[in-house]
Amino acid sequence: MTSKNEIRSSLPSDFIVWVNAQTAAAMLDYSPKKFEDDIRYSVGFQLKGVEQKPGRFSVELLKEFGNGK
């Protein structure tokens, strides 16, 4: 049986819609602790709606947030 991580790593990056908190932190170039303490619950991040489900972050909205849009 193929694991979720094996399947995920074989997908083209533009097929990935959501990521977990650790990946979201890495995408924004923050440590997981900095992301959790300062970014995840900030007003701007919350208003943008990046965390669309508990623990699931929109890749598209993370890109926009990272680019200051």
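**A walk from the sheet to the core**

Let's start with strands E2 and E3 (residues 56-58): the two run antiparallel and are joined by two bridges. Keep in mind that this is a predicted model. Within that pairing, Lys53 sits opposite Arg56 of E3.

Zoom out a little and you get an open sheet of three strands, ordered E1-E3-E2, with antiparallel pairing. The edges belong to strand E1 (18-19) and strand E2 (51-53), each of which pairs on one side only.

Now look for what covers the strands. Helix H5 (residues 59-66) lies across E1, E2 and E3, and its direction makes an angle of about 65 degrees with E3.

That brings us to the packing. The largest nonpolar core has 13 residues, and those touching the most other members are Val19, Phe35, Phe45, Phe57 and Leu62. H2, H3 and H5 each put in at least two residues of this core, with H5 giving the largest share, three residues. As background, nonpolar side chains in soluble globular proteins tend to be buried together.

Phe45 is a handy residue to click on. Setting aside neighbours within four places in sequence, Phe45 is in contact with Leu28, Phe35, Ile39, Arg40, Val50, Phe57, Leu62 and Phe65.

Finally, hop over to the loop between helix H2 (21-27) and helix H3 (32-39), where you'll find Asp29. Its backbone may catch your eye: Asp29 has a positive phi of about 65 degrees, although it is not a glycine. Is Asp29 buried or exposed? Asp29 counts as exposed because its relative accessibility is 71%, and the cut-off for exposed is over 50%.

How values were computed
Residues are numbered from 1 along each chain as its sequence is written. This is a predicted model: local features need pLDDT of at least 70, side-chain atom pairs count only at pLDDT 80 or more; totals for chains, interfaces and linings use all residues. Side-chain values use heavy atoms; hydrogens and water are left out. Helices (H or I, at least four residues) and strands (E, at least two) are DSSP runs, numbered from the N terminus. Buried means under 20% relative accessible area, exposed over 50%, partly exposed in between (1.4 Å probe, protein chains only). Two strands pair if DSSP finds at least two bridges between them. Contact means heavy atoms within 4.5 Å. Axes are lines fitted to C-alpha atoms, for helices over the stretch in contact, and angles run from 0 to 180 degrees between N-to-C directions. A nonpolar core is a set of buried Ala, Val, Leu, Ile, Met, Phe, Trp, Tyr and Cys residues joined through side-chain atoms within 4.5 Å.
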